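Me: I'd like to learn how to read a two-chain model without getting lost. Could you walk me through it?

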2 protein chains.
Amino acid sequence: MELYDAVLTTRAMRRYSDDPVTDAEIVHCLKAAQQAPSGGNLQPWQYLVVRDDALRAEVGALYRAAYDRYERTLLAVTPRFRTPEDELSWERSTAASRHLADHFGEAPAIVLFLVPIIDWTPSDAEGPMDIGPLHASVYPAVQNFMLAARDVGIGTALTTVARIRHDELRALLAIPENLEVAAVVPMGRPTGRFGVARRKPVSAVTHWDQFGTKRTDTEPAS
Amino acid sequence: MELYDAVLTTRAMRRYSDDPVTDAEIVHCLKAAQQAPSGGNLQPWQYLVVRDDALRAEVGALYRAAYDRYERTLLAVTPRFRTPEDELSWERSTAASRHLADHFGEAPAIVLFLVPIIDWTPSDAEGPMDIGPLHASVYPAVQNFMLAARDVGIGTALTTVARIRHDELRALLAIPENLEVAAVVPMGRPTGRFGVARRKPVSAVTHWDQFGTKRTDTEPAS
């Protein structure tokens, strides 16, 4: 499909049918991920694709336990809603996230993005240099992966809350201690439709030349 | 263009012609960025689009100073090359990065991605919860932006080394202290061609079910 349509309509899909996802489709998406940029083209990430039924169920149980804990905190800080649409959107989203937590292990494939835990701050005679976070060199790959999946009709969601159970997840999947789990991405055929997710308008978060300067006159409606 | 072609052929483009980039094109790309996922759909990022000639020149000077320092460290740890192709690729890449540093302020537009500097670790009675890095909620947006740019023939590069001059960059562009610069993305019409960048094969970094388990039998060549 057209890139722009795909980018606009790739949203978190959290309910999957029983239809399969093939290894070839997963590798197709990983090839897209692989072309993402990274600092110095170091490509620091690795992929772990969980397909085994029993392992997926165990990852699902860990995800659910992590989400249970997260949800209690999340729901305690429910935002104030400006409009009924905002409230409806919040309720739909939290219901979908709850559904995902209850069925995480049933996703046909679960893909983990791993990066090394390293000191990413070089030093010279002047001292340490902040050259940016290592995570700049993995999340673009996750996005490429999810876009390629959407292109072939597969739904995904970028999740990170499983890190609440990071050590158990590492032990379960034999992930070395010097790697962190940057993302856990379930994938499956969505039962719902892809569509443009609710977002703030671009104009609300865009500044021109200096922070705080808006240029609504030159900015097309968004 | 087709999503998959665009994803595979979006690579860092570091040499730009004098051809303009329009505000409408920039906003078109920002709309793509805006649809990226974020934790709790919080969309924590903001954009700062630098178009003014004098400001771009000053951002360029800061970028160059930052890159000069970074390059000295980088070149001191030049990797050993396994093949002449690897060496050629490294030389081309460092030459292109040097060119970008020398001409950064000449890019028709420079887009900064800003995120709040906040404690992203909620706590409950059990203690703090690692729900993943805040940066998971900005770099997918940067990737969407660069893909949308590539789709309309605009080259970009995801850079972070300007953080070596973070405070001066903030002062120059009136960026509040509670925001960090996650990425500085120059954009312009490339003088070279888009193409598939050199990357490790997917099979080299993919594990199946448990870390360390390879399944080359089911994995298409990559």
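Reply: Let's go through the two copies, their contact, a sheet and a pair of helices.

Reply: First, the ground rules: this is a predicted model, where local features need pLDDT of at least 70, side-chain atom pairs count only at pLDDT 80 or more, and totals for chains, interfaces and linings use all residues. Residues are numbered from 1 along each chain as its sequence is written, while chains are lettered from A and ligands numbered from 1 in the order in which they are written.

Me: What turn and shift lay chain B on chain A?

Reply: Two copies of a chain are related by a rotation about an axis and a shift along it. Here a turn of 180° and a shift of 0.0 Å along the axis put chain B on chain A with an RMSD of 0.0 Å. That is the relation of a two-fold axis. The superposition is by least squares on the C-alpha atoms of residues with pLDDT of at least 70 in both copies. In chain B, the residue closest to the rotation axis is B:Leu3, whose C-alpha is at 2.0 Å. Both copies use the same surface, as 100% of the contact residues of chain B recur in chain A.

Me: How many residues of chain B are in contact with chain A?

Reply: Contact means that the C-beta atoms of two residues, placed from the backbone, lie within 7 Å. By that rule, 82 residues of chain B touch 82 residues of chain A. Helix α5(B) gives the most to chain B's side, with eight residues. That side divides into 46 nonpolar, 21 polar and 15 charged residues. Nonpolar covers Ala, Val, Leu, Ile, Met, Phe, Trp, Tyr, Cys and Pro; charged covers Asp, Glu, Lys and Arg; the others, Gly among them, are polar.

Me: Which strands make up the open sheet, and in what order?

Reply: Helices (H or I, at least four residues) and strands (E, at least two) are DSSP runs, numbered from the N terminus. Two strands pair if DSSP finds at least two bridges between them. The open sheet has five strands with mixed pairing, in the order β5(A)-β6(A)-β2(A)-β1(A)-β7(B). β5(A) and β7(B) stand at the edges with a single partner strand each, so one side of each has no neighbour in the sheet.

Me: How does β1(A) pair with its neighbours?

Reply: Five bridges join β1(A) to β2(A) in the antiparallel sense, and three join β1(A) to β7(B) in the parallel sense. Look at A:Tyr47: its bridge partner in β2(A) is A:Phe113, and its partner in β7(B) is B:Thr206. Further along, β2(A) and β6(A) run antiparallel over eight bridges.

Me: Is β1(A) buried or exposed?

Reply: A residue is buried if 20 or more other C-beta atoms lie within 10 Å of its own, exposed if 12 or fewer, and partly exposed in between, with C-beta atoms placed from the backbone. Five of the five residues of β1(A) are buried. A:Gln46, A:Leu48 and A:Val50 are on one side, with A:Tyr47 and A:Val49 on the other.

Me: At what angle do α3(B) and α6(B) cross?

Reply: Two packed helices are described by the angle between their axes and the distance between the axes. The axes of α3(B) and α6(B) come within 10 Å and cross at roughly 175°. B:Glu58, B:Val59 and B:Leu62 in α3(B) meet B:Glu168, B:Leu169 and B:Leu172 in α6(B). Those contact residues are four nonpolar, no polar and two charged.

Note on methods. Axes are lines fitted to C-alpha atoms, for helices over the stretch in contact, and angles run from 0 to 180 degrees between N-to-C directions.
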